[in-house]
Amino acid sequence: RDRSEVVLGDSPPRKKPCVASPEWNYNVMGVTGLCYFPEFISKEEEAQLISHVDANVWATSLKRRVQHYGYRYDYKSRSVGENDRLGDLPSWVDFIVERLQQLGHPSAARDTLWDGAPDQLIVNEYTAGQGISAHVDNERIFGDTIVSLSLGSPVAMEFLPTPTLLKSNPGISKRSFLLERRSVLVLSQDARVLWKHSIPARKTDKGVTILRKERNTITTIKRRKRISLTLRQMLKARTENTTPEHTDAVESNDKATSPRK
C-alpha cells in the first residue's frame, strides 16, 4: 500500500500483555508499573503523526519546542488553571488512545489503561543534546497513568528513586534503557510516583540497554531529533505550586549549559 493511502490505526488491535502478567515488558527492570512496548505503531503511522505535529504551531517559551492540547501546562507556576483549557485532543491521536486502552491497566484494577480517556497531550521536540531534568509528573493535577510515545530518534531515559523510596530502600539504584522510535512507555503504580524519570542532556548515549523479550542488548546511539507525545488524564485544574520533585520539569539544559557529548 502506498504511504499516502495508509489509514492511522489501520493495524490490528493488540492483546493485553501489560495486565498484571509475567510478560517481559511489564515491571521493566524490577520497577512495578513500568511498562515498555517497542514497535507500538507502524513506520507509516509514525510518518503521518510527525506530519500532523509539524503542521501545527510550536510554543518556544522553553529551549525545547512544545505543543499543548487539551490543557496548557504552565511551567513557571507548575500549574493548570481553568483558563488553560484548550479544547479536545486532536483526532489524529484517537487511534493511539484506542490502542492504549486495549492494554488494560498494569495493576489489573480495570480493563482499560485509563478510567475514562486522557484529556491532556504535550508534544515535545528534542534536538540532539537536549534533555529533561529528573521529575515526577504532577500528582495533584495528573492521574495515575502517564504514557509517552517516541517518534524519530531513540533516546536513553533514566529512572531515579525518589527520596521517599530511598528511605525504605536505601540501596536501590537508578535504571536506564533505550526508548526506541515508535515505542510506548507506560508509567503507573510505583513507576508513576516513586521514581523520577529524566533524559540526560547529551548528544550520544553510550552503553545503553535495549530491552528485548529473549535477551537485552547494549548499544551506543547518536541522537537526532526526537518527538514525544505524552498523554495524561487531568484530575482537576489546580493553580497552586507544587514541590520541585513532584512537578513537570523543564529540560535539563534549560539554562546556559553545554550538552555532554
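These legends accompany close-up views of a predicted model.

**View 1. An open sheet of 6 strands.** Let's start with the sheet, whose strands follow the order β1-β8-β5-β12-β3-β2 with antiparallel pairing. The edge positions belong to β1 (34-37) and β2 (65-69); each has a single partner strand, so one side of each is left without a neighbour in the sheet. On average, neighbouring strands here are turned by 15° against each other, direction ignored.

**View 2. Where β2 meets β3.** Zooming in on one edge, we find β2 joined by 5 bridges to β3, which spans residues 120-126. The two strands run antiparallel. A handy landmark is H68, which stands opposite I122 in β3.

**View 3. Helices α1 and α2 on the sheet.** Helix α1, made of residues 43-54, lies across β2, β3, β5 (145-152) and β12 (226-232). Its direction is at about 95° to β5. Helix α2 (residues 94-101) also packs on the sheet, where it touches β5, β8 (184-188) and β12. The directions of α2 and β12 make an angle of about 60°.

**View 4. A closer look at the surroundings of α2.** How many of the 8 residues of α2 are buried? The count is 6, so the helix is largely enclosed by the rest of the structure. The buried residues are F95, I96, V97, R99, L100 and Q101. Their cover includes helix α1 along with strands β5, β8 and β12.

**View 5. The largest cavity.** Searching the whole structure for cavities of 30 Å³ or more turns up 2. The largest has a volume of about 260 Å³, and 22 residues line it. Lying nearest its centre are N124, I132, H135, H197 and T230. Which strand gives the most to this lining? That is β12, with 4 residues. At least two lining residues come from each of β3, β4 (132-135), β5, β8, β9 (195-199) and β12. By class, the lining of the largest cavity holds 11 nonpolar, 6 polar and 5 charged residues.

**View 6. The second largest cavity.** This cavity has a volume of about 50 Å³. Its lining is made up of Y126, T127, A128, Q130, S153, P154, V155, I199, R223, R224 and R226. These divide into 5 nonpolar, 3 polar and 3 charged residues.

**View 7. The largest pocket.** Here the volume is about 320 Å³. Among the 17 residues that line the pocket, A59, S61, V66, H68 and Y75 are the closest to its centre. You may recognise H68 from View 2, where it stands opposite I122. The lining of this pocket has 10 nonpolar, 4 polar and 3 charged residues.

**View 8. T209 and the residues it touches.** T209 sits in strand β10, which covers residues 204-210. Is T209 buried or exposed? With a relative accessible area of 15%, T209 is buried, because the cut-off for that label is under 20%. Leaving aside residues up to four places away in sequence, T209 touches M29, S176, F177, L178, N216, T217 and I218.

Note on methods. Residues are numbered from 1 along each chain as its sequence is written. This is a predicted model: local features need pLDDT of at least 70, side-chain atom pairs count only at pLDDT 80 or more; totals for chains, interfaces and linings use all residues. Side-chain values use heavy atoms; hydrogens and water are left out. Two strands pair if DSSP finds at least two bridges between them. Axes are lines fitted to C-alpha atoms, for helices over the stretch in contact, and angles run from 0 to 180 degrees between N-to-C directions. Contact means heavy atoms within 4.5 Å. On a 1 Å grid over the protein atoms alone, a cavity is a set of points where a 1.4 Å probe fits but cannot get out, and a pocket is an open set with protein on both sides within 12 Å along at least five of seven lines; lining residues have an atom within 4 Å of a point. Grid points are joined across faces, edges and corners, and a volume is the space filled by probe spheres set on the points. Ala, Val, Leu, Ile, Met, Phe, Trp, Tyr, Cys and Pro count as nonpolar, Asp, Glu, Lys and Arg as charged, and the others, Gly among them, as polar. Buried means under 20% relative accessible area, exposed over 50%, partly exposed in between (1.4 Å probe, protein chains only).
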